[in-house]
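The exercises below each set a task and then work through a solution step by step. Please keep the sequence and the model in view while working.

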Amino acid sequence: MKKTLSTLLLASTIALSVTVSPILAQEEAAAYRETQLGLYVTAKEAYELMQDNERAVLVDVRDPVEIKFTGFAEPTDIHVPWVLADRSSFDEESRSWPMVKNEAFEKQIKTKLEALDVAKDDPVIVMCRSGSTRSAPAADVITEMGYSDVYSVTDGFEGGKLEEGDSKGVRAVSGWRNAGLPWSYQVDPDVAWQADE
């Protein structure tokens, strides 16, 4: 009976894993929000951390085009995009331009952190649009450089999407901008990312 039950359980597990593989793929994508250090803050908590610790550094990893149209957190210290829109290649299927990894991210972020004399144990806060797929891997790269207090902002700059109403789908739930924290459409020239850096 044990062997039959074990065989049945194994067969069920295999069938279930084949059946739900797209769901597992979605869960793996969601898990990309997790970081090696497991340090997370909301936008409000990030701002409070910056108020409490003058050594805390805010890093924005969004594409410059996003920032142009959605705004920029005023206390941002470093802007280095994790991915960039590839304007040379339009994707007809998605009806948009693909995002490609900024291959110089590690070099550029290292240069910026060193220029600001950020110590390995200073708080480094990494923010993207919604706290989804960019701040966590960027935080991990910074962690791998030896920084030990690296946070991912879970609700990002724009926050989550409205679930209902006339503005359904608009990013107006939580996030830096929606929390009433200081932001602007103006970007500090000393912070703004430059393609030739």
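**Exercise 1. The protein as a whole**

What percentage of the 197 residues in the protein do buried residues make up? State also the secondary structure and the exposed area.

*Solution.* The model is a predicted one, in which local features need pLDDT of at least 70 and side-chain atom pairs count only at pLDDT 80 or more, while totals for chains, interfaces and linings use all residues. Residues are numbered from 1 along each chain as its sequence is written, and side-chain values use heavy atoms, with hydrogens and water left out.

Step 1. Buried residues (under 20% relative accessible area, with exposed meaning over 50% and partly exposed the range in between, for a 1.4 Å probe and protein chains only) make up 38% of the 197 residues.

Step 2. Seven helices and eleven strands form the secondary structure, where helices (H or I, at least four residues) and strands (E, at least two) are DSSP runs numbered from the N terminus.

Step 3. The protein exposes about 11,900 Å², of which carbon and sulfur atoms supply 53%; the area comes from the Shrake-Rupley method with a 1.4 Å probe.

Step 4. Of the contacts (heavy atoms within 4.5 Å) between residues at least 6 apart in sequence, 64% join residues at least 24 apart.

**Exercise 2. The largest nonpolar core**

Identify the residues that touch the most other members of the largest nonpolar core, and the elements that each supply at least two of its residues.

*Solution.* Step 1. A nonpolar core is a set of buried Ala, Val, Leu, Ile, Met, Phe, Trp, Tyr and Cys residues joined through side-chain atoms within 4.5 Å. The largest such core has 23 residues, and I109, L113 and V124 touch the most other members.

Step 2. At least two residues of this core come from each of β2 (57-60), β5 (83-85), α5 (105-115), β7 (124-127) and α6 (135-144), and α6 gives the largest share, four residues.

Step 3. Leaving out residues up to four places away in sequence, I109 touches V59, I78, V80, I142 and M145.

Step 4. Apart from this core lies another, of 14 residues, which includes V41, A56, L58 and A73.

**Exercise 3. The setting of α6**

Why is α6 largely enclosed by the rest of the structure?

*Solution.* Step 1. Nine of the ten residues of α6 are buried, so the helix is largely enclosed by the rest of the structure. The buried residues are S135, A136, P137, A138, A139, D140, V141, I142 and T143.

Step 2. These buried residues pack against α5, β7 and β8 (150-153). After α6 comes G146, with a positive phi near 105°.

**Exercise 4. Positive phi outside glycine**

Locate R95 and D117, and decide whether each is buried or exposed.

*Solution.* Step 1. Most residues other than glycine have a negative phi. The phi of R95, however, is positive and near 60°, and that of D117 is positive at about 55°.

Step 2. R95 lies in the loop between β5 and β6 (99-101), and counts as exposed because its relative accessibility is 71%. D117 lies in the loop between α5 and β7, and a relative accessibility of 57% makes D117 exposed.

**Exercise 5. Three residues and their distant partners**

Place C128, V118 and A43, and list what each touches beyond residues up to four places away in sequence.

*Solution.* Step 1. C128 lies in the loop between β7 and α6, and is buried at 1% relative accessibility. Its C-alpha atom is separated by 8.5 Å from that of D155, 27 residues apart along the chain, and C128 touches V61, R62, R134, S135, G156 and F157.

Step 2. V118 lies in the loop between α5 and β7 and is buried, with a relative accessible area of 10%. V118 and R55 are 63 residues apart in sequence, yet 7.5 Å apart C-alpha to C-alpha, and the contacts of V118 are R55, V57, L113, V124 and Y147.

Step 3. A43 belongs to helix α3 (residues 43-52) and is buried, with a relative accessible area of 0%. A43 and G156 are 113 residues apart in sequence and 6.4 Å apart C-alpha to C-alpha, and A43 touches V153, D155, G156, G175, W176 and L181.
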